[in-house]
Amino acid sequence: MPSGGQVGFVRLTGRPAAMVGGDEVPFSPDKRFQLLGYLAYAGGWVGRERVAFLFWPDSATSTSRQNLRGLLQRLDTLPFRPEIEATKHQLRWEVPNDVATFNEAIARGDVAAALAAYQGPLLREVGGDAGDEFDGWLEIEREQLYSRWRSLALTRIADLGPEGEAEEADLFRRLLEADPLDEEAVRAHMRALTRWGRPAAAVRAYRELAARLERELGMDPSSETVFAYEEAQEAAAAPSRVPAVRATPYRHEEAAGPLGPAATPAETAYRALPTPTTSFVGREVELEEVSALLEDPGCRLLSLTGPGGVGKTRLALAAACRQAQERGVEVAFVPLEAVVSPEGVLPAIASALGVGSAAGADPWEAIRRRVSDTGLLVVVDNFEQVVEAAPVLARLLEVGSGLKLLVTTRERLGLEAEWTYLVGGLDYPADDVPFAELERYAAVRLLVERARRVRPGYRLIEDDLPHLRRLFALTQGLPLAIELVAAWLRAVPLATLVAELELDPGGITAANADARQRHESVRAVFEQSWSRLTDAERQVMRRLSVFAGPVAPEAAAYVAGANRTVLAALVDKSLLRLTSDGRYDRHPLLLAFARERLAARPEEQRAVLERHSAYYLRFLRERTDRVKGPRPALVQREIEAEVTDILAAVRRAAERGANAELIAFMQLLELELGYFQAHGHDDETLDLLSRAAEAAVATGALEVARDLRGRVGDAYGVHRGDPRRALAEYEAAIELAHRTGDRGREAVLTSMAGAMRDQVSAGSGREALDRALALATESGDAVALSIVYEHRAFVVARSGDLEGARELYVRSRETVEHVTDPEAVHPFELTRRRFFATINVGHIDHAVGRFDDALAARNAALGLARQAGNQIWEAMAHLELGEMLVGAGREGEALEHLRLALDLSVANHVSSLIERLERLAGRHGHDLGT
């Protein structure tokens, strides 16, 4: 066993261990190894407070930090020497490890090296107690890391030839170890085996998967997996032949039975398209796109997919009608609404094609004689209820080369020949569309046209605009919902109907007596889809309903316990839709329906909501260090992508009096991450901040309460221009600072109060500013003193004494430049104070006409930004330089700085700087490439 040796490498995945010399020291479920694993995985600097909370979330900050110091000391008892870098505020362990190797291999496009680097679950058997903070962090990170490896593994399997059989077997084994129900992995394995001439092994893999799915989830394999199985069966039966359409007919005894009275092709015509009783509204783009697909020689099976009530059948009929009228294509219609089992599909098709067969005759021969190679489009409607019969459609395509199928289905068929077209809602107006332009949108035209059928002369008025916006936010252009609302406009005002829809999203029913039962209400549509789900699918749909916005896969796994197989099945059934960034979204009405189902299970609802809040608190905590790094805007973008759910969790915490959660969320969003400072404080945000501050006082968290009150004051004073309200908030924060004994914070808050008093009445803030300076000097807090000097400079500059203001800005900068103990202040805060003080000195020099001094100050600020690696600060410095050089007529230099500023601002999504640059370019006629 090594003793005190240096660590050369750490394996974090599979069997975690430290490599010391020629020895391997395994990690164990001990806080020392958990800390080392966390630091090695992070790779860079992490805040002590974050680490302390990770291991002692229920302890006071001072206690958890003391515990962390003790844990760091206990690292000396390990049989090796981890060289942890430590400051007062941060920790870092930069050690070579397999996760870093994995990430580096991906970055350079070396798939083989990345696959080899990952050895299994992150920190396996090193986790904490189930449900604790470290365990929750590990669960989320483990899933994210595995997902990246899995994606590479599936791609690799698809690319391997027979010579890679051993590699494929190892990858497949590891995929199944991680998730025995991973259908996509089994499907990739089956197709590889079939491709390499081992179809019997592929069939065995399918049967083993089917047994596991039935046993664990009560689910059948998806249609796509069944099709891969049938490909293997066909290859096993005829290994030397690869069929043009790789599919097998649906083989069920009843499928080959009697088809009804004998008939000859000449005696019976194709079943005609039904004639709709209402007009076809909108869908101009969709109709063109579907028509183009039907005219593509490569597309022989086109599935129109989407949720019930979205208008798949109407679009299919319109597209088929166009094919018949404009291209002379013969069309047959196969309605499956009354077909309740897969066995009924073939007879329904035969009937629609006008063929029959005597008992014992081959139905396929009759269809072949009828269809031959003539051009024929068969529209098959409502296939989702008999999706197991999808192979019948694959066999039908083999009957004649001129035949095409247009299928409407809520569930994807999973056939190799299938092309899919997702049908969404009708286009509807955004909130900023003026009233005069509403009828450009199909959803509005549908509402008005259907309303006029029951109330002639109906028209919208401008007062309807807010109700229309609420209606379309809920329905997202779903035609069924819009038509149901329109039918009731004969007797009920639009505002009332929308309010009813908000209270009971599925409750409005059809007003006409001949409405089909399956479309008599939105609820009926959803009930029908719900009835076809397995228990596992229903559970995931219920649990996903706690999310307010689109759901990331790792969030779905942690909060809802959703595995990939179930999520994929729900996408195939049009109950979830996969967004372009890989998230899972739902229609708002379906979301409300699923929430009803979850509310009926209070214990499950409580547990899922708790995991939802825990997930987003961890999500925010993991970004507190990165926001102080070189790319803070990327952190803000990540938060912005999740902010709908984060704020939903905050609101729930406030509504149910969960003070600890409310305080934690607002402390992270406002104080640690600066999210609201970057995106603005609306009335709700300010109310939540105030409530969190009050809760913090009630629970004794006075420091947090003080800082939240101060931020509310900043919002009113700096951003809203309300110095009187700001002053009241600062006074409350000053009292809390005094109670905590933090003279530095008291000085800063007193200084802000003085600045606000000066805005209310010039000169009235001097006493507070002097008191703030005395407090800051007494406290010995260099950052506090620097900020107090900055506030005084601002007030002095407003009075017109620019030279006096410059002197104060210089003092502000010098105060943090001459800190005797750099570890007493977080390095990010020191650099930030120096950067902004230097920028402000440049402002004053430029204002008083000292061009060279201003140029030097702004170049110095640029150097500080680059030294810190902060691209937003760098963009600001380039912009300041560009502005003053434009004014000096130095166009070439100015444009260089301005273009760099624009590139950095765009890369970091800093809209305020982009807008400022565009205004500057517009005034001076510059082309910055915007």
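Buried means under 20% relative accessible area, exposed means over 50%, and partly exposed is what falls in between. Keep that handy for these exercises on a predicted model.

**Exercise 1.** Sort Phe836, Phe835 and Trp873 into buried, partly exposed or exposed.

*Solution.* Start with Phe836: its relative accessible area is 25%, so it's partly exposed. Next comes Phe835, which has 0% relative accessibility and therefore counts as buried. Finish with Trp873, where 6% relative accessible area makes the residue buried.

**Exercise 2.** The structure has 22 aromatic pairs. Work out how the rings of Phe835 and Trp873 are arranged, stacked or edge-to-face.

*Solution.* First, take the centres, which sit 5.2 Å apart. Then look at the planes: they're at 15°, so this pair is stacked. Now place the two residues: Phe835 belongs to helix H36 (residues 827-847) and Trp873 to helix H38 (residues 871-887). With these positions 38 residues apart, the pair links distant parts of the chain.

**Exercise 3.** Do likewise for Phe836 and Trp873, then say which helices the pair ties together.

*Solution.* Here the ring centres are 6.2 Å apart. The planes meet at 75°, and since over 60 degrees counts as edge-to-face, that's the label for Phe836 and Trp873. Phe836 is in helix H36 and Trp873 in helix H38, so parts 37 residues apart in sequence are tied together.

**Exercise 4.** Find which arginine lies over the face of Tyr558, and which over Phe619.

*Solution.* Over Tyr558 you'll find Arg611, at 4.0 Å from the ring centre. For Phe619 the partner is Arg623, at 3.7 Å from the ring centre.

Note on methods: Residues numbered from 1 in each chain as written. Predicted model: local features only at pLDDT ≥ 70, side-chain atom pairs only at ≥ 80, totals over all residues. Heavy atoms only, no water. Phe/Tyr/Trp six-rings, centres within 6.5 Å; stacked < 30°, edge-to-face > 60°. Helix = DSSP H or I, 4+ residues; strand = E, 2+ residues; numbered from the N terminus. Buried < 20%, exposed > 50% of the residue type's maximum accessible area, 1.4 Å probe, protein only. Lys NZ or Arg CZ within 6 Å of the ring centre and 35° of its normal.
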